[in-house]
Every structure is written in structure tokens, then in C-alpha cells.
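Work through these exercises on charged side chains. Try each task before you read its solution.

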Amino acid sequence: MTAPSPTEATDPSGTPAAPAPRRRTFGLAAATALVMGNIIGGGIFALPAAVAPYGTVSLLAFAVLSVAAVLLALLFGRLARRSPVTGGLYVYPRDAFGPFAGFLSAWSYWTMCWVSIAALAVAVVGYVDVLIPLHGDHTLEGAVALAALWLPAAANFAGTRWVGAVQIVSTVLKFVPLLLVATIGLFFVDPDNFGPFNASDESTPGALAAGAALLLYSFLGVESAAVSAGEVEDPERNVGRASVLGTLASALVYILGTVAVFGLVPHDRLVDSGAPFADAVNAITGGSWGGTAIALVAVASITGCLNGWILLAAQMPYAAARDGLFPKPFAKVGRGGVPGFGVWAVAVLGTLLIALNYTAGPDTTFRVLVLITTFTGCVPYLLSAAAQLFWLARGTRERVRPAGLVRDLLVAALSFAFSFWLIAGAGYAAVYQGVLFLFAGIPVYVWLRGRQPEETPETPETPEVARA
């Protein structure tokens with residue numbers, strides 16, 4: 001039997017195997033910053049205005065989603081203790097259900113990554129326009145978007161140590177100002193500004209669901225430490241810690257920031273606000289410099305987010321390519337420990353999408369692809385939760401502690417339900433188009449598997465699960 005690859009903690013049958021030595025450059029702080037940086041992108045600066053039409057019931061929706069995101073963080077922490085390797089959300093379904101499930105998870109996640117990266121780069125343009133007027137010049141706007149994409153890509157080419165450093169700096173640059181607005185702003189809150197609890201024409205449960213639908217993808221990125229587990233020091237402990245700490249910190253900023261904006265900006269103005277955080281800063285200071293300050297924070301926020309997502313977009317296919325489930329070039333690692341071809345691939349694909357956005361217009365294929373990411377981003381969550389349920393079901397009684405089983409079963413079951421809800425909430429169009437895009441990867445899988453030598457089947461062993 002050949003030695004396992006450095007990305008594997010178990011073979012596809014579930015038998016534990018010792019991973020090859022690998023230099024790990026992300027400590028707990030860097031891993032937590034990766035999670036926070038990928039969760040908090042540019043959307044937070046528009047979220048309060050987006051959910052304002054539903055009233056303060058949207059704050060309750062935020063609380064529900066925060067709990068669900070923490071459950072996912074706990075799930076990935078448990079799975080990382082079993083498979084502390086790079087490409088976690090690919091590895092978990094592969095180990096549980098075989099290579100096809102692993103491929104679907106990797107293909108779906110990779111698709112979500114490179115499309116989202118292009119969308120984030122385009123989002124930078126609006127904030128740069130506040131600082132340096134671009135006057136609607138598509139050539140300048142495209143150049144800014146490309147710079148926003150390729151600068152973080154350059155940090156990734158420099159190696160994972162640079163990625164971690166950039167992530168920590170960018171996370172501090174955006175987290176601290178947002179937290180200051182969220183906390184100091186509470187002292188200037190006017191209760192009359194909040195408006196009605198349910199400002200919509202729907203029932204309270206309907207308004208809660210509608211508000212949650214807009215906030216569903218606020219926590220994409222909770223899996224960041226699990227995907228990069230091969231770069232994390234002591235991943236059996238730190239992946240779970242970083243996932244939970246990063247998610248809790250992001251939820252704190254989200255909820256407090258939204259509460260502050262709701263209390264600082266009158267409801268009727270907030271509904272039509274294009275820059276709610278800027279309006280909130282202006283309400284605190286009595287000046288008009290809020291737009292410039294928030295634009296600076298937003299640029300730092302999205303740049304850091306791009307830095308982390310480019311790394312994840314390269315590491316997921318890297319793990320799959322090591323098993324022959326993605327083209328071989330994705331498995332090549334540069335001197336800095338980053339899969340260089342994967343970085344090139346997402347940067348080039350992102351560049352093509354940006355060019356499409358500024359030539360064909362935002363109402364064409366670009367917008368359709370962005371819509372698809374709302375579905376493709378949730379498929380790996382669903383498969384990972386199902387994988388944990390699978391391992392729990394296969395555990396033998398003499399190896400299972402009842403308390404640990406109940407805890408892990410509850411986390412996995414609720415995570416599965418949450419992932420299913422995310423997919424359902426994406427809408428019919430996103431699910432339909434996402435499924436077509438997902439199935440478009442099947443010919444790639446067929447070709448890659450068909451070129452692999454036939455494997456001798458092995459008898460799987462029952463894994464040890466549900467440890468306390």
C-alpha cells in the first residue's frame with residue numbers, strides 16, 4: 001500500500017493514516033483572522049438598509065443566523081479533529097461517501113469561490129469612487145476591480161505566511177472601526193428611530209423569514225479554518241477554536257452594528273439609504289465625513305476578504321487534485337506553500353468575469369453566475385453535516401460516550417437543517433441554475449476517474465467517533 005498524501009488524515013475508506021510532515025504557518029490568531037476576514041466582506045456596509053423595510057424583526061433574524069453559524073463552526077471543529085487537513089469540506093464527504101461526493105463538494109465550493117471573488121472585486125469600485133471619483137468611466141472602474149483582485153493574489157503568491165500577516169492587518173483595520181461605530185453609536189441611539197417591529201405587510205413569521213433570506217449568506221466563510229486546516233498549527237484544537245471565535249466576533253459586529261445604525265438613522269431615511277454606516281457616523285459626529293471614513297474601511301474590508309478567499313479557492317482543488325479528482329496542475333505547491341496554479345486559475349477566471357461585467361453589462365451572465373453562488377456555497381455545508389451524521393451512525397457502542405454522542409448528533413443534525421434551509425432560501429432560480437452548474441462538473445469527474453488505474457477494494461474499518 002502506498003503512503004498517504006500530505007493532505008490526507010484518512011483514506012477514502014475511513015481508515016486513519018498518519019499525514020506527512022508539513023510546515024504550518026497559521027497560529028490561532030491568523031486562523032481566527034482568516035475566518036473573520038472571510039465572513040466580514042463588503043456586504044455589512046449595506047445590510048442595515050437592505051433589511052430595514054422589514055423593521056426591527058430583522059435583528060431577531062440576525063440572532064437566529066448567528067446561532068446557526070456557530071453550530072456550523074462547532075461542526076467543522078469536530079470534523080477537523082478527525083481529518084485535520086487542507087481542503088476539509090472536500091475531505092469530509094470524500095471519506096464518508098466516496099470520491100464522487102468529495103468531487104461534487106470541491107467543484108461546488110470552487111465555483112462559489114471564483115465567482116464570489118470577481119463579485120467582491122467589482123464591489124470595491126463603488127467605495128473607491130467615493131474616495132477618488134471615477135466619473136462612470138468603465139475603463140477606470142475595470143482597472144480598479146482588477147487591481148483589487150490581483151493585489152491579494154500577489155500576497156498569496158508570496159506564501160501562506162504573507163497571507164496570514166495580511167489577513168491579521170486587514171481584519172484589524174476593518175474590525176476595530178466597525179466595532180467602534182457599533183459600541184460608541186449605542187450611546188447616541190434614539191429609540192424613536194427604530195421604527196415598528198414589523199414594518200412590512202407580511203405576518204411576523206413571514207417578515208422574519210424574508211429578512212433572514214437577505215441575511216442568509218452573511219456568514220459564508222465560517223468554514224475558512226477547516227478548508228485551510230493543513231496550514232493551521234495544532235489543527236485538531238485550533239480549527240474549532242478559530243471557527244467559533246471568528247464567527248462569534250463577526251456576529252458581534254453584525255448585530256451591534258445593525259442595532260446602532262437602526263437607532264442612529266431614522267427608519268424612513270434608513271430604508272432609502274445607500275450608505276447606512278456613513279449616515280450613522282454622520283449622526284454621531286454631526287459632520288459629513290462619514291462617507292469617506294466608511295469607504296476607507298470598506299476597501300480594507302473587501303481587500304482582506306479577497307486575500308482569504310483566494311487562498312481558499314486554491315486550497316480546495318489542491319486537496320482534490322492530490323486524489324486525482326481535479327486536474328493535476330492544481331496539486332502543485334509553490335515555495336511559499338500556496339498552490340500557485342490554483343491562485344492563477346481563480347485570478348484569471350475572476351479577470352474574465354470582471355471583463356464581462358464591464359463590457360456586456362451587469363444584467364448578463366455575470367449576475368446569473370453570482371446568483372448561482374448562493375446555491376453552490378451551501379452544498380459543501382450540507383454534505384459535511386451529512387458526513388458527520390454518517391460517522392456518528394457508524395460508531396460502535398463500546399467506543400461512544402453518550403454525552404458526546406448527543407452533543408455531536410445535535411450539532412450535526414441542526415447544521416444539516418440549517419444548510420438545507422440556506423439552499424431552500426436561495427430561491428427557485430438559484431437552485432435550478434446551481435444544480436445545472438453542479439452537474440456540469442460530472443464530465444470532468446468521469447474523465448479524471450476514467451484515467452485513473454483501477455483500485456483494489458479494501459474492507460473499511462469502523463472509525464472511532466463521538467469522543468467527548
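Three exercises on salt bridges follow, and the model is a predicted one.

**Exercise 1.** Find where in the chain the partners Asp-408 and Arg-78 lie.

Solution.
- Step 1: Start with the contact. Asp-408 and Arg-78 form a salt bridge, with N and O 3.3 Å apart.
- Step 2: Place each partner. Asp-408 sits in helix α17 (residues 402-425), and Arg-78 sits in helix α3 (residues 57-82).
- Step 3: Read the separation. The two are 330 residues apart, so distant parts of the chain are linked.
- Step 4: Look at exposure. Both Asp-408 and Arg-78 are buried.

**Exercise 2.** Decide whether Asp-95 is buried or exposed, and do the same for Arg-82.

Solution.
- Step 1: Check the pair. A salt bridge joins Asp-95 to Arg-82, with 3.7 Å between the closest N and O atoms.
- Step 2: Locate it. Asp-95 belongs to helix α4 (residues 88-97) and Arg-82 to helix α3, so the bridge ties parts 13 residues apart in sequence.
- Step 3: Recall the cut-off. Buried means under 20% relative accessible area.
- Step 4: Apply it. Asp-95 has 2%, so it is buried. Arg-82 has 18%, so it is buried too.

**Exercise 3.** Work out which parts of the chain Arg-94 and Asp-323 link.

Solution.
- Step 1: Take the distance. The closest N and O atoms of Arg-94 and Asp-323 are 2.4 Å apart, in a salt bridge.
- Step 2: Place them. Arg-94 is in helix α4, while Asp-323 is in the loop between α13 (290-322) and α14 (340-359). They are 229 residues apart.
- Step 3: Test burial. Arg-94 counts as buried at 2%, and Asp-323 is buried at 19%.
- Step 4: Join the bridges. Shared partners connect Arg-82, Arg-94, Asp-95 and Asp-323 in one network.

Conventions:
Residues are numbered from 1 along each chain as its sequence is written. This is a predicted model: local features need pLDDT of at least 70, side-chain atom pairs count only at pLDDT 80 or more; totals for chains, interfaces and linings use all residues. Side-chain values use heavy atoms; hydrogens and water are left out. A salt bridge is a side-chain nitrogen of Lys or Arg within 4 Å of a carboxyl oxygen of Asp or Glu. Helices (H or I, at least four residues) and strands (E, at least two) are DSSP runs, numbered from the N terminus. Buried means under 20% relative accessible area, exposed over 50%, partly exposed in between (1.4 Å probe, protein chains only).
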